[in-house]
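Reader: Could you take me through one part of this structure in detail? I would like to look closely at how the metals are held, with enough of the surroundings to find my way.

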Amino acid sequence: MGATAEHDVEQLRARLNEYMSKHGLRSTEQRRLVTEMFFSSSDHLSIEDLLERVRLEEPRIGYATVYRTLKLLKDCGLAFERHFGDGVSRYEVAWADEHHDHLICLECEKIVEFEDEAIEDLQHKVASRLGFKLVRHKLELYGVCGDCQAKS
Ligand SMILES: [Zn+2]
Ligand SMILES: [Zn+2]
């Protein structure tokens, strides 16, 4: 899941450009690099994770640039900020055509993505039973992964 090849990065760039021109923001070389590195990722990255990757190409990039770029991407709906209970903000690309939920291992902090149609349906049913039209949701399941169970 999350394999970049199946997704339309061009569409993300177009949405970002539109947002930036609408808000009078100008792109910089560093911001472009951070953005492209993020769009090519398929996992859940902390600011430090992404900083480490962009520094392999451009060692002069600082934490603040990565932080501000991720905030911009979040503001224009191209990144999801996730909190999985360890106090670290993680970011993943918000592909327009994809939704998934998360299973998080409490031992090794591994994050597994899943989507289950029955659960999705059920959430809509619960919401409408209570008079809501569902707009979005996030579902996080916490447990111990198979590898960690095998270790103990
Ligand atoms: Zn684990
Ligand atoms: Zn995810």
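Author: Six helices and five strands make up the protein in this predicted model. Their order along the sequence is α-α-α-α-β-β-β-β-α-β-α. The C-alpha atoms fill a box of roughly 45 × 45 × 30 Å along the principal axes, and of the 152 residues, 34% count as buried. Among contacts between residues at least 6 apart in sequence, 55% join residues at least 24 apart.

With that in mind, let us turn to the metals, beginning with the zinc ion (ligand 2). Its coordinating atoms are NE2 of H44, H100 and H102, together with OE atoms of E92, which is listed twice, and of E113, at 2.0 to 2.4 Å. Along the chain these donors follow the spacing H-x47-E-x7-H-x1-H-x10-E. Two of the residues also show how the site links strands: H102 belongs to strand β3 (residues 101-105) and E113 to strand β4 (residues 111-114), so this pair ties together parts that are eleven residues apart in sequence. Both count as buried because they fall under the 20% cut-off for relative accessible area: H102 has 2%, and E113 has 15%. As for the geometry, the six donor atoms subtend angles of 55 to 164 degrees at this zinc ion (ligand 2), so the arrangement is irregular. An octahedral label would need all angles other than those between opposite donors to lie between 65 and 115 degrees, and the range here starts at 55 degrees.

Now for the zinc ion (ligand 1), where the protein donors are the SG atoms of C105, C108, C145 and C148, lying 2.3 Å from the metal. Here the spacing along the chain reads C-x2-C-x36-C-x2-C. C145 and C148 are both buried. The angles subtended by the four donor atoms run from 105 to 118 degrees, and the arrangement is therefore tetrahedral. For that label, all angles have to lie between 85 and 135 degrees.

Strand β3 is a handy landmark when you move between the two sites: its residues are 101-105 and include H102, a donor to the zinc ion (ligand 2), while C105 is a donor to the zinc ion (ligand 1).

Finally, a look at the outside. The protein exposes about 9800 Å², and carbon and sulfur atoms supply 51% of that area. It carries 21 positive and 29 negative charges, whose mean positions are 7 Å apart.

Note on methods
Residues are numbered from 1 along each chain as its sequence is written. Chains are lettered from A and ligands numbered from 1 in the order in which they are written. This is a predicted model: local features need pLDDT of at least 70, side-chain atom pairs count only at pLDDT 80 or more; totals for chains, interfaces and linings use all residues. Side-chain values use heavy atoms; hydrogens and water are left out. Donors are N, O and S atoms within 2.8 Å of the metal (3.2 Å for Na, K and Ca); water is not among the atoms, so sites may look incomplete. Four donors count as tetrahedral if all angles lie between 85 and 135 degrees; four count as square planar and six as octahedral if opposite donors are over 155 degrees apart and all others between 65 and 115; anything else is irregular. Buried means under 20% relative accessible area, exposed over 50%, partly exposed in between (1.4 Å probe, protein chains only). Helices (H or I, at least four residues) and strands (E, at least two) are DSSP runs, numbered from the N terminus. Contact means heavy atoms within 4.5 Å. Accessible areas come from the Shrake-Rupley method with a 1.4 Å probe; for residues, only the protein chains shown count as cover. Lys and Arg count as positive and Asp and Glu as negative; His and the chain ends are not counted. The place of a charge is taken as NZ of Lys, CZ of Arg, CG of Asp or CD of Glu.
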